[in-house]
Amino acid sequence: QPADADVSCPAGTTKRVLADSEAGSAAQQQATFSTAVSSGMTAFTRSPSSLGTNATSGQASWFVPDQKTAGQSLLYLTNAVTVPAGQPTYLSFEGWNLLDYGSDSSGTDYFDGGIVEVNVDNQTNHYDATAGWVNGPTHTLASGTGNGHAGYRAFAGDSKGWVLSRYDLSQFAGHQVTPRFSLVTDDDGNQDYSLIG
């Protein structure tokens, strides 16, 4: 497991938090993000999972179970934030995953995964966040098993616990951004595997 990404600020500077899903009451934490799902998928919830509490602080975390069917479950910032100009700005979060994957003599295939995208200025298309990471997505989703995001870089397999990741948003200075987290799954019509989520 890699060391957590550094989210401290340089000496002589002050951190300004633009959005924080861990702040406030349980209702305020829930309202920080919105959810959406494709048919047959389960939505992200702000609660302990079916396995009990799994959080790095408090008693709750955002959770969605891995599914046996193909689809996408979305978690996105309810209100866009404006990235300030002239200073580094980052998206940081702690993630934990155990998702459908398999190994054989030819290597490891990752069938389900978590992807991070950024909507910029409410455009129709989302920017695929693949470069500018510390502890970013390192696996490529397999083709041929029905995952609509095959070929994408993803957080996949077993993270072996919580990992703090950081993505550089500075390239979007002066623009409104809406980070979006997705669990994307496959269904090859034959094996139908799922793990925890």
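Which strand does His139 lie in?

1. In this predicted model, His139 belongs to strand β12, which covers residues 139-140. Its relative accessibility is 23%, and because buried means under 20%, His139 is counted as partly exposed.

2. The surroundings of His139 bring in residues from elsewhere in the sequence: apart from neighbours within four places, His139 is in contact with Tyr110, Tyr152, Arg153, Ala154 and Ala156. With Arg153, 14 residues away in sequence, the C-alpha to C-alpha separation is 5.4 Å, while the side chains of His139 and Tyr110 make a polar contact at 3.4 Å.

3. Turning to the nonpolar interior, the largest core holds 23 residues, of which Val116, Tyr167 and Phe172 touch the most other members. Two or more residues of this core come from each of β4 (71-77), β6 (90-95), β9 (113-120) and β15 (176-185). A second, separate core has six residues, including Tyr110, Leu141, Ala154 and Val184; Tyr110 and Ala154 are also among the contacts of His139.

4. For Val116, again leaving aside neighbours within four places in sequence, the residues in contact are Leu91, Phe93, Asp128, Ala129, Trp133, Phe155, Arg180 and Phe181.

5. An open sheet is formed by three strands, in the order β6-β14-β11 and with antiparallel pairing; β6 and β11 (133-134) are its edge strands, each pairing on one side only. Between β6 and β14 (residues 163-168) the antiparallel pairing extends over six bridges, and Arg166 in β14 is the bridge partner of Ser92.

Definitions and conventions:
Residues numbered from 1 in each chain as written. Predicted model: local features only at pLDDT ≥ 70, side-chain atom pairs only at ≥ 80, totals over all residues. Heavy atoms only, no water. Core = buried A, V, L, I, M, F, W, Y, C linked by side-chain atoms within 4.5 Å. Buried < 20%, exposed > 50% of the residue type's maximum accessible area, 1.4 Å probe, protein only. Helix = DSSP H or I, 4+ residues; strand = E, 2+ residues; numbered from the N terminus. Contact = heavy atoms within 4.5 Å. Pairing = 2+ DSSP bridges. Polar contact = N/O pair within 3.5 Å; in protein donor to acceptor, adjacent residues only side chain to side chain.
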